[in-house]
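User: I would like to go through the labels attached to this model and hear, for each, what justifies it.

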Amino acid sequence: MSTTNKFLKLIKWPLYFIGVFLLAIALRVFVFEIYNIPSGSMKQTLLPGDKVIVNKLLYGPKLPNNLGEIPWLNIFSSNQNKYSSDNYKRLHGFSGIRHNDIVVFNHPTSPDIYIKRCAGLAGDRLRLYQENTYINGQKIKNPPTIKHEYRLYSSRAENIEKWAKKNNAHFRFLADTFLVADISLQYKIKLKKNSIVDSVRFLTEKMKNDHYASMYKRESFIFNNTRGAGFLAGKNNQRQWKKFDFGPVYVPAKGDKIRLDTNNIDLYRKIITRYEGHQLEKKGENIFIDGRKQNNYEFKQNYYFMLGDNRFNSSDSRSWGFVPEDHIIGKATRIIFSTAKGKKKWKRIFKRIE
């Protein structure tokens, strides 16, 4: 055997290994990736312990800006825990983001990766009132797995308890004639058709306050979830929005111009400063961007409004604001397998996410 043949035989397997390694990196960067669901903010659609596949080709894969954004190679970078949106570039995808897509993205205010449902697209005017979502004035159909809190009235509460155990639904008993239910839309529809329930009503913040005020014998009692919805609440008294009563709010689109004033500047301050790199200052009724007085602003990229399916118990755009396009990773399409509650869930293997 010649020296050349011996050398080729010697390096053949290392070359195979390097080739497979580079192919795996390319697949993770440009095609798909697998993520674990860490919390219950997407119940009942996704459960903690679900492992989901994220398709990057649909929206187009985002090109890495540095070594720290490349899987496995990031161990050689000092930026491995930092997300950067500098010099943002994305390859063309097969489709854009659509209403109710389950989207995986870099969190706007932390290095974490989040998964939420897209409620508002760039250019939308979004309104949320109780359990209903309105886009540009039209009520849209909610997916059946979205969860809310409801108050159920019944003279036979014990029968509802039996129904809940049979259907693996969670209920909290508060009184003899009514109870609170954390249930999805599909369970709500089933209950309304069942004779054991007299009526089903969305649990408003006023209903919560009235109940706890009477329970603790106080004139007023503010329940934890009744506080203002993060950045939506604003810093002035002209916009008193809540978690389930806000809008309409404009979701910024690339190239659109809005008129800036003291009523809306709090909504778009983070976009102008953090995501689009300008200096902003408010002096009385005047707004200055990069030292110049401005009455209008043109957005440089698209933004999205994300909501968790577990609507009453989710940290989402109501708390931390819009998600920039350059933070989008891809669309969650299927559950590969699930270890929800520490057990393998065979029925969830390769289940399509809707």
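User: Why does arginine 348 count as buried?

Analyst: This is a predicted model, in which local features need pLDDT of at least 70 and side-chain atom pairs count only at pLDDT 80 or more, while totals for chains, interfaces and linings use all residues. Residues are numbered from 1 along each chain as its sequence is written, and side-chain values use heavy atoms, with hydrogens and water left out. Buried means under 20% relative accessible area, exposed over 50%, and partly exposed in between, with a 1.4 Å probe and protein chains only; arginine 348 has 11% relative accessibility and therefore counts as buried.

User: What makes the pair of aspartate 50 and arginine 348 a salt bridge?

Analyst: The term requires a side-chain nitrogen of Lys or Arg within 4 Å of a carboxyl oxygen of Asp or Glu, and the closest N and O atoms of aspartate 50 and arginine 348 are 2.7 Å apart, which satisfies that cut-off. Aspartate 50 lies in strand β2 and arginine 348 in the loop between β20 and β21, so the pair ties together parts that are 298 residues apart in sequence; strands here are DSSP runs of E with at least two residues, and helices are runs of H or I with at least four, numbered from the N terminus. Aspartate 50 is itself buried, at a relative accessible area of 0%.

User: Why is arginine 28 called partly exposed, and glutamate 33 buried?

Analyst: Arginine 28 has a relative accessible area of 24%, which falls in the range between buried and exposed, so it is partly exposed, whereas glutamate 33, at 9%, is under the limit and is therefore buried. Their side chains meet in a salt bridge at 2.3 Å, N to O.

User: How do you know that lysine 293 makes a polar contact with asparagine 286?

Analyst: A polar contact is a pair of N or O atoms within 3.5 Å, where within protein one must be able to donate a hydrogen and the other to accept it, and residues adjacent in sequence count only if both atoms are side-chain atoms. The side chains of lysine 293 and asparagine 286 make such a contact at 3.4 Å. Leaving aside neighbours within four places in sequence, lysine 293 is in contact (heavy atoms within 4.5 Å) with Asn286, Ile287 and Phe288. Lysine 293 itself is placed in strand β16.

User: Which salt bridge links glutamate 131 to another residue?

Analyst: Glutamate 131 pairs with lysine 188, the closest N and O atoms being 3.0 Å apart. Glutamate 131 is in the loop between β5 and β6 and lysine 188 in helix α3, 57 residues apart.
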